[in-house]
Structures are given as C-alpha cells and as structure tokens.
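Student: I've got this model open and would like a close look at one part of it. Could you pick a spot where helices come together and walk me through it slowly?

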Amino acid sequence: AITVLQSAPLVASQLESAILPARVQGYHPTQLDTLLAAGEVVWRGLSPLGDRDGRIALFLTDEAPQLFQPAGRGAELSPRAAQILEVLKKQGASFFAPLHEAVAEETLAPSGATVDALWELLFHGLISNDGLAPLRAYLRGAAQRGNRLESGDGSLTQRPTRRALSTGGFRSRRTECPPAAAGRWVLVSDPPPSDTIYAAALCKTLLARYGVLTKLGLSTEAV
C-alpha cells in the first residue's frame with residue numbers, strides 16, 4: 001500500500017482512520033510503527049493544514065531521496081526553528097530535551113515555542129521523526145477539542161469518559177517532554193534530486209498508483 005501511495009500528499013488526520021484501513025485489511029497502527037522502526041519506511045511533512053493537521057507523505061526508505069523535494073529549503077524560518085536546525089546539523093539526531101535546552105533562553109522556559117518550531121521545520125520538510133507518536137499527539141490536540149482522542153492502539157476514537165484521559169499515554173520519568181515532541185528528531189539531509197531523476201521516479205510512482213494518467217486525475221498530486 002505504501003509503495004503505491006509514495007509521495008502522495010496525504011491528510012495526516014485521515015492516514016490511519018481512512019487511507020490505510022481502506023487499503024490494508026485489518027490495518028493496525030503497530031504495523032506502520034514496525035515498518036518505521038525497522039527503517040523500511042520514512043515519513044515527511046509537506047505542509048500545515050488548519051490548526052492541528054497537515055499533509056504528509058510516506059516513502060520507502062531507499063526511494064525517498066529520488067521522490068522527496070523539501071518545500072522549505074531556503075525558506076525564512078522563525079528564530080527558534082533556525083536555532084534547532086543548526087543544533088541538529090551539529091549534534092545529529094536528537095530527542096526533545098537536549099534540543100529545548102540548547103535553544104531555550106532559560107533552563108525552565110516553557111516548551112511550547114520549541115514544539116511549535118519543531119513542527120514548523122517538519123512541515124517545511126527539513127526534519128522528520130523516527131516514529132508517528134508525535135504526529136498522533138499533534139493531531140490529538142485538535143481531536144480533543146472535537147471531543148475525540150487517540151485510543152491505546154494509536155487510532156483516533158470518540159472520547160468515552162473523562163477517566164480515559166487520565167489512564168492512557170506514555171510520560172517520560174526523566175523529562176517533561178510534550179507528547180507532540182516525543183521520539184528522535186532527525187535532519188532530512190538527503191540532497192534534493194535533480195529534475196530528471198525526480199521526474200522519472202515520480203512518473204514511475206504515479207503509474208503504479210493510477211495505472212492510467214489523466215490531467216484531471218493528477219489534480220490532487222500537486223505535480
């Protein structure tokens with residue numbers, strides 16, 4: 001399913017509630033987590049969408065360098081996002097705590113600005129994360145306002161009771177890491193592909209996805 005969906009701009013909130021379940025019988029979030037942890041699949045941010053949603057893309061790891069063109073290379077970044085980018089260039093893949101300590105003006109400074117900066121960089125296609133836990137938490141921020149939350153298996157469900165909110169989720173005992181900043185943040189360091197390599201890889205992927213290509217059918221692909 002991911003082979004066929006590569007590079008498609010997917011609405012993040014629909015990924016595990018509609019897109020993958022429609023293509024994988026009995027889909028469970030742990031299946032995607034397993035592929036990400038094994039290094040078989042990577043995901044990239046494409047653009048924010050509304051308050052707490054966005055468009056993302058999935059790739060087979062070895063095909064991502066030919067298919068992914070970051071939208072944010074050369075873009076003007078907020079000061080904190082620019083700082084985080086420099087830290088990742090120097091230190092390599094990092095968890096939230098050392099990143100926040102490196103860019104926060106005070107040791108106990110609120111972490112919200114750092115979280116926002118991470119997602120700014122992600123939706124510019126400049127960084128990514130090893131897993132989907134922070135994306136699910138990011139989406140859950142909007143879902144809870146709509147009386148919904150993420151269930152224990154990672155999918156978004158209707159909120160049953162107040163008690164459910166207090167019993168689920170993982171919280172680090174070492175640091176107050178916001179759920180939307182969990183996991184290891186990594187720099188997307190692959191150089192953008194040449195126009196020829198990108199066009200050839202994209203045509204191959206689109207043919208696999210659609211079989212027959214039409215101008216109208218490609219209107220959602222941002223080609």
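Tutor: Here is a walk around helix α7 and the helices that pack with α7.

Keep in mind that this is a predicted model. For the overall setting, the protein chain has 223 residues, 39% of which count as buried. Its secondary structure adds up to 10 helices and 7 strands. If you take the contacts with a separation of 6 or more, 64% of them link residues 24 or more positions apart.

Now for α7 itself. This helix runs over residues 112-123, which is 12 residues. From first C-alpha to last it reaches 17 Å, close to the 16 Å expected at 1.5 Å a residue. Go along it and you'll find these residues buried: Thr114, Val115, Ala117, Leu118, Trp119, Leu121, Leu122 and Phe123. After the helix comes Gly125, which has a positive phi, near 75°.

Let's take the partner α5 next. The axes of α5 and α7 are 8 Å apart, and the two helices pack at an angle of about 75°. Since angles of 65 to 115 degrees count that way, α5 is roughly perpendicular to α7. On the α5 side you'll see Arg80, Ala81, Ile84 and Leu85, and these meet Ala113, Thr114, Ala117, Leu118, Glu120 and Leu121 in α7. Sort that contact by class and you get 7 nonpolar, 1 polar and 2 charged residues.

Then there's α6. Here the packing angle with α7 is about 110°, with the axes 10 Å apart. That angle makes α6 and α7 roughly perpendicular to each other too. From α6 the contact uses Phe96, Leu99, His100 and Val103, and from α7 it uses Thr114, Val115 and Leu118. The class count for this contact of α6 with α7 is 5 nonpolar, 2 polar and no charged.

What about α5 and α6 with each other? Helix α5 covers residues 79-91 and helix α6 covers residues 96-103; their axes come within 10 Å and cross at roughly 120°. That crossing angle makes α5 oblique to α6. The crossing is right-handed. If you click through the residues, Arg80, Gln83, Ile84, Val87 and Leu88 in α5 meet Leu99, His100, Ala102 and Val103 in α6. By class, this contact of α5 with α6 comes to 6 nonpolar, 2 polar and 1 charged residues.

With the helices placed, zoom in on Leu118, which sits in helix α7. Its relative accessibility is 0%, so Leu118 counts as buried. Leaving aside neighbours within four places in sequence, Leu118 is in contact with Ile84, Phe96, Leu99, Ile127, Ala181 and Trp185. Pick Phe96 from that group and check the backbone: the C-alpha atoms of Leu118 and Phe96 are separated by 9.2 Å, with their positions 22 residues apart along the chain.

Over in helix α5, have a look at Leu85. This residue has 12% relative accessibility, so Leu85 counts as buried. With neighbours within four places set aside, Leu85 is in contact with Leu77, Leu121, Leu126, Ile127 and Leu187. Leu121 in that list belongs to the α7 side of the contact with α5. You can also follow Leu85 to a distant stretch of sequence: Leu85 and Val186 are 101 residues apart along the chain, and their C-alpha atoms are separated by 9.7 Å.

Gly125, just met after α7, leads to another residue worth a click. Gln69 and Gly125 are 56 residues apart in sequence, but 8.0 Å apart in space, C-alpha to C-alpha. Gln69 lies in the loop between α4 (64-67) and α5. At 35% relative accessibility, Gln69 counts as partly exposed. Not counting residues up to four places away in sequence, Gln69 touches Pro193, Asp195 and Tyr198.

One last stop is another positive phi. Ser7 has a phi near 70°, a positive value in a residue other than glycine. You'll find Ser7 in the loop between α1 (2-5) and β1 (10-11). With a relative accessible area of 14%, Ser7 is buried.

Technical notes: Residues numbered from 1 in each chain as written. Predicted model: local features only at pLDDT ≥ 70, side-chain atom pairs only at ≥ 80, totals over all residues. Heavy atoms only, no water. Axes fitted to C-alpha atoms, helices over the stretch in contact; angles between N-to-C directions. Helix = DSSP H or I, 4+ residues; strand = E, 2+ residues; numbered from the N terminus. Parallel < 35°, antiparallel > 145°, perpendicular 65-115°, else oblique. Left-handed = near helix turned anticlockwise from the far one by under 90°. Contact = heavy atoms within 4.5 Å. Nonpolar A, V, L, I, M, F, W, Y, C, P; charged D, E, K, R; others polar. Expected span 1.5 Å × (residues − 1). Buried < 20%, exposed > 50% of the residue type's maximum accessible area, 1.4 Å probe, protein only.
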